[in-house]
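Me: I should like to go through this structure with you, one question at a time. Please reason briefly and close each reply on the value or name requested.

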Amino acid sequence: MSLISVGTMAFDAIETPFGKVDQIVGGSGTYVAYAAANFITPIQQISIIGYDFPQEELDELKKRGVELDGVETVADKKSFFWSGKYHLDMNNRDTLVTDLNVLADFNPIVPDSYQGAEFLMLGNLSPHIQLSVINQLKVRPKLIAMDSMNFWMDIALDDLKEVLTKIDVLMINDAEARQLSGEFSLAKAARKILSMGPKFLVIKKGEHGALLFHEDHVFFAPALPLEEVFDPTGAGDTFAGGFIGYLAKTKDISFTNMKTAIIMGSALASFCVEKFGPNRLKEITKKELDARLSEFVQLVSFDIDLA
Ligand code: AMP
């Protein structure tokens with residue numbers, strides 16, 4: 001069982017109320033790969049990097065079972081660069097810089113060895129690139145999930161809508177769901193977005209958890225109330241990686257199993273925010289993950305007598 005992950009591999013500059021880093025490895029694909037590798041290997045990565053992307057990071061990813069045959073290196077250009085600033089309410093951030101660099105003329109080529117993958121995670125990236133990957137796959141994966149963001153809704157809405165007709169699960173945050181649907185109520189937004197193509201919709205609400213919509217069903221997963229949130233960058237991608245990694249491991253794409261997958265994604269995201277960049281993700285042990293999962297179980301379990 002394999003999983004293709006498409007996304008950026010990047011450098012980020014991040015400022016939060018608790019610190020600042022001028023250059024740290026990031027990118028949607030990087031976070032997805034680190035998160036999904038907790039559940040399944042190989043992860044077949046598709047991305048593009050410049051001459052500046054650190055070899056140690058590539059080695060670290062490989063060590064965890066991430067195949068890099070689909071990662072193109074451009075010798076004379078810089079990697080994608082993103083810079084963001086968080087305020088005290090870390091659910092909101094300002095994007096300060098998005099330098100596409102190598103991403104500007106990326107035409108992904110799906111290696112032959114990736115054909116036949118049963119799961120596809122289209123990480124946050126240009127919808128044009130997401131579409132190109134879907135179109136190159138000779139056999140449609142069992143499940144295609146996709147992340148996106150306001151940046152792409154602003155500049156490539158038609159392409160994005162086309163991708164929506166070809167996928168199974170869309171994962172976006174609440175502001176993006178409102179932007180995409182033109183509806184303020186998330187229930188109405190969900191109904192509208194589900195009519196655009198995806199069968200499942202995950203709406204991420206940062207420290208307020210996530211909602212899963214499917215037909216007339218809705219499931220809510222909380223986020224763990226953490227004492228310290230250091231850097232929320234990558235939490236959404238980590239969530240996505242944990243979600244699809246767990247589905248790929250269990251090979252079960254039912255609504256019921258997706259509820260568990262959402263908790264897995266939330267647990268991994270709760271680690272991601274504890275340190276800058278993907279650093280915390282590299283340290284998680286199975287024991288730590290299990291302990292955090294039981295915190296989730298305790299958080300939402302209660303008795304009620306309706307008699
Ligand atoms: P998240 O906090 O989960 O939304 O993801 C943050 C990561 O997404 C950062 O590491 C960035 O490098 C990457 N990123 C930011 N903007 C974009 C974009 N427009 N396209 C693709 N990746 C992006």
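Me: How many of the residues of α1 are buried?
Reply: This is a predicted model. A residue counts as buried at under 20% relative accessible area. In α1, the residues that meet this limit include Ser28, Thr30, Tyr31 and Tyr34. The helix is mostly covered, and the number of its residues that are buried is nine of nine.

Me: Which residues are the closest to the ligand?
Reply: The ligand is surrounded by 20 residues. By class, this shell comprises nine nonpolar, eight polar and three charged residues. The closest are Asp12, Gly27, Arg93, Gly234 and Asp237.

Me: At what distance from an oxygen atom of the ligand does a polar side-chain atom of Asp12 lie?
Reply: A polar contact requires a pair of N or O atoms within 3.5 Å. A polar side-chain atom of Arg93 lies 2.8 Å from a ligand oxygen atom, and a polar backbone atom of Gly234 is 2.7 Å from an oxygen atom of the ligand. For the polar side-chain atom of Asp12, the distance to a ligand oxygen atom is 2.4 Å.

Me: What percentage of the area that the ligand exposes when taken alone does the protein bury?
Reply: Polar contacts to ligand oxygen atoms include one from a side-chain atom of Arg93, at 2.8 Å. Taken alone, the ligand exposes 510 Å², and the share of this that the protein buries is 94%.

Me: Which element gives the largest share of the shell around the ligand?
Reply: Two or more residues of the shell come from each of β2 (10–16), α1 (28–36), β6 (80–86), α4 (150–155) and α8 (235–250). The largest share is three residues, and the element that gives them is α8.

Me: How many aromatic pairs does a search of the whole structure find, and is the pair of Phe11 and Phe53 stacked, edge-to-face or tilted?
Reply: The search of the whole structure finds five aromatic pairs. For Phe11 and Phe53, the ring centres are 6.1 Å apart and the planes meet at 40 degrees. Planes under 30 degrees apart count as stacked and those over 60 as edge-to-face, so this pair is neither, and its class is tilted.

Me: Which parts of the chain do Phe11 and Phe53 tie together?
Reply: Both Phe11 and Phe53 are buried. The two residues are 42 apart in sequence, so their pair ties together separate parts of the chain: strand β2, which holds Phe11, and, for Phe53, the loop between β4 (43–49) and α2 (55–63).

Me: How many residues apart in the chain are Phe39 and Tyr246?
Reply: Phe39 and Tyr246 form an edge-to-face pair, with 5.8 Å between the centres and 80 degrees between the planes. Phe39 counts as buried at 12% relative accessibility, and Tyr246 likewise at 13%. The pair links the loop between α1 and β4, where Phe39 lies, to helix α8, where Tyr246 lies, and the separation is 207 residues.

Me: Is Phe18 buried, exposed or partly exposed?
Reply: Phe18 is found in the loop between β2 and β3 (19–26), and it touches Met90, Val229 and Phe230. Together with Phe230 and Phe276, Phe18 forms one aromatic cluster. The relative accessible area of Phe18 is 47%, so this residue is classed as partly exposed.

Definitions and conventions:
Residues are numbered from 1 along each chain as its sequence is written. This is a predicted model: local features need pLDDT of at least 70, side-chain atom pairs count only at pLDDT 80 or more; totals for chains, interfaces and linings use all residues. Side-chain values use heavy atoms; hydrogens and water are left out. A residue is near a molecule or strand if one of its heavy atoms lies within 4 Å of it. A polar contact is a pair of N or O atoms within 3.5 Å; within protein, one must be able to donate a hydrogen and the other to accept it, and residues adjacent in sequence count only if both atoms are side-chain atoms. Accessible areas come from the Shrake-Rupley method with a 1.4 Å probe; for residues, only the protein chains shown count as cover. Helices (H or I, at least four residues) and strands (E, at least two) are DSSP runs, numbered from the N terminus. Ala, Val, Leu, Ile, Met, Phe, Trp, Tyr, Cys and Pro count as nonpolar, Asp, Glu, Lys and Arg as charged, and the others, Gly among them, as polar. Buried means under 20% relative accessible area, exposed over 50%, partly exposed in between (1.4 Å probe, protein chains only). Contact means heavy atoms within 4.5 Å. Rings of Phe, Tyr and Trp (its six-membered ring) pair if their centres lie within 6.5 Å; planes under 30 degrees apart count as stacked, over 60 as edge-to-face and the rest as tilted. Lists of a residue's contacts leave out its neighbours within four places in sequence.
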